[in-house]
Amino acid sequence: MRKYWDDEQVFSQPSTGMLKQNATDSLQKQRKKGKEMHPIVITGRAITRTWWGNAWCENLEKYADYASRLDRGKRYVRTGTVVDLQIKTGKIEARVQGRRKAPYKVEIRISPLNQAHCQEIVDQCSDRIENMEELLSGNFPVGMKELFTGEHGLFPSPSEISFNCSCPDWALMCKHVAAALYGVGARLDQDPALFFTLRGIDMNKFIDVALENRVEKMLENAQKPSSRVIDGQVDIAQLFGVL
């Protein structure tokens, strides 16, 4: 029995065929107007395939408050309803198709990193990463996983995410927002550097600072005595048993 105070409206779900047709019509209409669209196209069942995309979606699925809407979001993104998705500094702007002809407007905001948190991440990267290009190629070093997905990593927590959608659904997270968030994972498969754009990090500066810090630490260590250096006063012949 439904209660008066239930805060979640119940809507019948549009068919996959309807969603696909509406999405196709919306794309054609906008392109005829000369507007550049950036749709999310999923081939096969897997929404994401690289470490970046997988990690983004896994982080999303840890948010217990969103659990009831994520499955619908997966269905929508697989159906091609995210007809436009753009990742900018601190926000995601998307157009997601629904039952009506015009797609819904979705805006997702990600809180910027504070300076202390960002510097902590840079310092840890300086210690662990051998090649920053490897980080962006999708060949993610296992040793750096905690830096991004840990409790204080670079992936956003629920408290750092806010969103709104023009649809009439009053839920905490509607399926259109969920579809857009999964769409971000698919887009990171194509261009991992967009993750740093979203988090407000200048990637070139990030690399420069991380590498400079690494070189600085190496130079500091170079001045320290090492137990592996042979004292000049040691008799080499005696050391190696040479007569």
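**Cysteines**

I began with cysteine 57 in this predicted model, and I noted that cysteine 57 is buried, with a relative accessible area of 6%. I then searched the whole structure for disulfides and found zero. To see why cysteine 165 is not bonded, I looked up the closest cysteine sulfur, which belongs to cysteine 167 and lies 3.7 Å from the sulfur of cysteine 165, too far for a bond. The cut-off that settles this is 2.5 Å between the two sulfur atoms, because a disulfide is counted within that distance.

**Aromatic rings**

I searched the whole structure for aromatic pairs next, and the search gave seven. One of them joins tryptophan 51 to tryptophan 52 in an edge-to-face arrangement, with 5.3 Å from centre to centre and 90 degrees between the planes. I checked how much of tryptophan 52 is accessible, and the entry reads 0%, so tryptophan 52 is buried. Phenylalanine 195 and phenylalanine 196 form another edge-to-face pair, for which I wrote down 5.7 Å centre to centre and 90 degrees between the planes. Both of these residues, phenylalanine 195 and phenylalanine 196, are buried. When I followed the pairs further, I found that Trp51, Trp52, Trp56, Phe155, Phe195 and Phe196 belong to one aromatic cluster.

**Largest pocket**

I turned to the empty space in the model, and I recorded about 320 Å³ for the largest pocket. I listed 18 residues that line this pocket, of which Cys118, Gly200, Ile201, Asp202 and Lys205 are the closest to its centre. Which helices each supply at least two residues of that lining? I found that helix 4, covering 115-128, and helix 9, covering 203-222, both do so. Helix 4 gives the largest share of the lining, namely four residues. Sorted by character, the lining of the largest pocket has nine nonpolar residues, six polar ones and three charged ones.

**Overall fold and helix 7**

I counted the elements of the protein as 10 helices and four strands, and I read their order along the sequence as α-α-α-β-β-β-α-α-α-β-α-α-α-α. Of the 243 residues in the protein, 42% are buried.

I looked at helix 7 separately, which has 16 residues, 175-190, and whose first and last C-alpha atoms are 23 Å apart, close to the 22 Å expected at 1.5 Å a residue. Is helix 7 largely enclosed by the rest of the structure, or left open? I noted that 15 of its 16 residues are buried, so helix 7 is largely enclosed by the rest of the structure.

**Single residues and their contacts across the chain**

I looked up leucine 147 and placed it in helix 6, residues 145-149. With a relative accessible area of 3%, leucine 147 counts as buried. I also compared the position of leucine 147 with that of cysteine 125, and although 22 residues separate them along the chain, their C-alpha atoms are 7.9 Å apart.

Glycine 53 sits in helix 2, residues 51-60, and I recorded 0% relative accessibility for glycine 53, so this residue is buried. Its C-alpha is 8.2 Å from the C-alpha of proline 192, while in sequence glycine 53 and proline 192 are 139 residues apart.

My last entry concerns alanine 193, which lies in helix 8, residues 193-198. Is alanine 193 buried or partly exposed? I found a relative accessible area of 27%, so alanine 193 is partly exposed, because the buried class ends at 20% and the exposed class starts over 50%. I noted finally that alanine 193 and methionine 203, 10 residues apart in sequence, have C-alpha atoms 7.3 Å apart in space.

Terms used:
Residues numbered from 1 in each chain as written. Predicted model: local features only at pLDDT ≥ 70, side-chain atom pairs only at ≥ 80, totals over all residues. Heavy atoms only, no water. Buried < 20%, exposed > 50% of the residue type's maximum accessible area, 1.4 Å probe, protein only. Phe/Tyr/Trp six-rings, centres within 6.5 Å; stacked < 30°, edge-to-face > 60°. 1 Å grid on protein atoms, 1.4 Å probe; cavity = no way out; pocket = protein on both sides within 12 Å on 5 of 7 lines; lining within 4 Å. Points joined across faces, edges and corners; volume = space filled by probe spheres on them. Nonpolar A, V, L, I, M, F, W, Y, C, P; charged D, E, K, R; others polar. Expected span 1.5 Å × (residues − 1).
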